[in-house]
Amino acid sequence: MSKIKIPKATAKRLPLYYRYLLLLNDEGKDKVSSTELAEAVQVDSASIRRDFSYFGALGKRGYGYDVKNLLSFFKKILNQDTLTNVALVGVGNLGHALLNYNFKRSNNIRISCAFDINPEITGKIMQGVPVYSMEEMKKQIADQQIRIAILTVPQSTAQKTADEMIEAGIKGIMNFTPIRLSAPSGVRIQNVDLATELQTLIYFLDSDQLAEKQAENEQNK
């Protein structure tokens, strides 16, 4: 993102701010307050002001933030002018879904190639993306100067495949498999565990429901 050292939680929120600022700019709005931004992106205004403070004075007290200036700033921070090619490794059900999606809402990220072991799909173009055999990965990664890859292979082959990706030159892996990968220093792993996220959501919903029942019981006493 930037050479400025910022917390991981802040880094994750920056794309949210950027997407909302794009909407405001399209609507012709000139300024936005931290309160309005907080309501839109579901982040409290104190966190937003703290996030922005890492980058210096981005707004004025009593005025808020200039939408165009803020948009231009985050565009540079998030490298929105630079197209990032991403590889997809594993074209099963989830891989197919990701190819179909292919970051259509983003102007600067695209899946430019995919890899699989299935001879029925290698050598073909799916959703506009060429699918190569695993043997071709090292050459394609180098030729297309790809640093980031999405991993959607079965759990049993995840670590072996990740090792091959790293050997091919991948520096960042978005891991959709349920296992935690081992990687050398200098390689970043971002885990996306859908089952865990759903279980967390279920837990909070159940907790909310229990709290509501307890509140009702207290009122009925």
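## A ring to start with

Is F204 buried, partly exposed or exposed? With a relative accessibility of 48%, F204 counts as partly exposed, because the partly exposed class runs between 20% and 50%. Please keep in mind while reading that this is a predicted model.

The neighbour of F204 in sequence, Y203, falls in another class: its relative accessible area is 55%, and since exposed means over 50%, Y203 is exposed.

## Overall build

Stepping back to the whole fold, the protein chain contains eight helices and nine strands. Its radius of gyration is 21 Å, whereas the globule rule gives 17 Å for 221 residues; the chain's value is well over that, so the chain is more spread out than a compact globule. If you prefer box dimensions, the C-alpha trace spans about 60 × 55 × 35 Å along its principal axes.

How are the contacts distributed along the sequence? If you take the contacts between residues at least 6 apart in sequence, 55% of them join residues at least 24 apart.

## Surface and charge

Of the 221 residues in the protein chain, 37% are buried. The accessible surface of the chain comes to about 14,200 Å², and carbon and sulfur atoms account for 51% of that area.

On the charged side chains, the protein chain carries 28 positive and 24 negative ones. The centres of these two sets lie 8 Å apart.

## Aromatic rings

There are four aromatic pairs in the structure. For Y203 and F204, the ring centres are 5.3 Å apart and the ring planes meet at 70°, so this pair is edge-to-face; the cut-off behind that label is an angle over 60 degrees. The two partners are the residues met at the start, with Y203 exposed and F204 partly exposed.

Elsewhere, Y17, F52 and Y65 form one aromatic cluster.

## A buried threonine and a tyrosine in a helix

T10 belongs to helix α1, which covers residues 8–26. The relative accessible area of T10 is 2%, and T10 is therefore buried, the limit being under 20%. Which residues does T10 touch, leaving aside its neighbours within four places in sequence? The answer is D51 and Y54, both in contact with T10.

Y101 sits in helix α5, made up of residues 93–101. At 42% relative accessibility, Y101 is partly exposed. Should you want a distance to check in your viewer, the C-alpha atoms of Y101 and K124 are separated by 18 Å, and these residues are 23 apart along the chain.

## Two loop residues with positive phi

Two glutamines are worth a look on a Ramachandran plot. Q42 is not a glycine, although it has a positive phi of about 60°. Q42 is placed in the loop between α2 (34–41) and α3 (45–53). Is Q42 buried or exposed? Q42 counts as exposed, at 69% relative accessibility.

Q127 also has a positive phi, about 55°, although Q127 is not a glycine. Here the loop is the one between strands β5 (125–126) and β6 (129–133). Q127 has a relative accessible area of 54%, and it is exposed.

Notes
Residues are numbered from 1 along each chain as its sequence is written. This is a predicted model: local features need pLDDT of at least 70, side-chain atom pairs count only at pLDDT 80 or more; totals for chains, interfaces and linings use all residues. Side-chain values use heavy atoms; hydrogens and water are left out. Helices (H or I, at least four residues) and strands (E, at least two) are DSSP runs, numbered from the N terminus. The radius of gyration is taken over C-alpha atoms; the globule rule is 2.2 Å times the number of residues to the power 0.38. Buried means under 20% relative accessible area, exposed over 50%, partly exposed in between (1.4 Å probe, protein chains only). Contact means heavy atoms within 4.5 Å. Accessible areas come from the Shrake-Rupley method with a 1.4 Å probe; for residues, only the protein chains shown count as cover. Lys and Arg count as positive and Asp and Glu as negative; His and the chain ends are not counted. The place of a charge is taken as NZ of Lys, CZ of Arg, CG of Asp or CD of Glu. Rings of Phe, Tyr and Trp (its six-membered ring) pair if their centres lie within 6.5 Å; planes under 30 degrees apart count as stacked, over 60 as edge-to-face and the rest as tilted.
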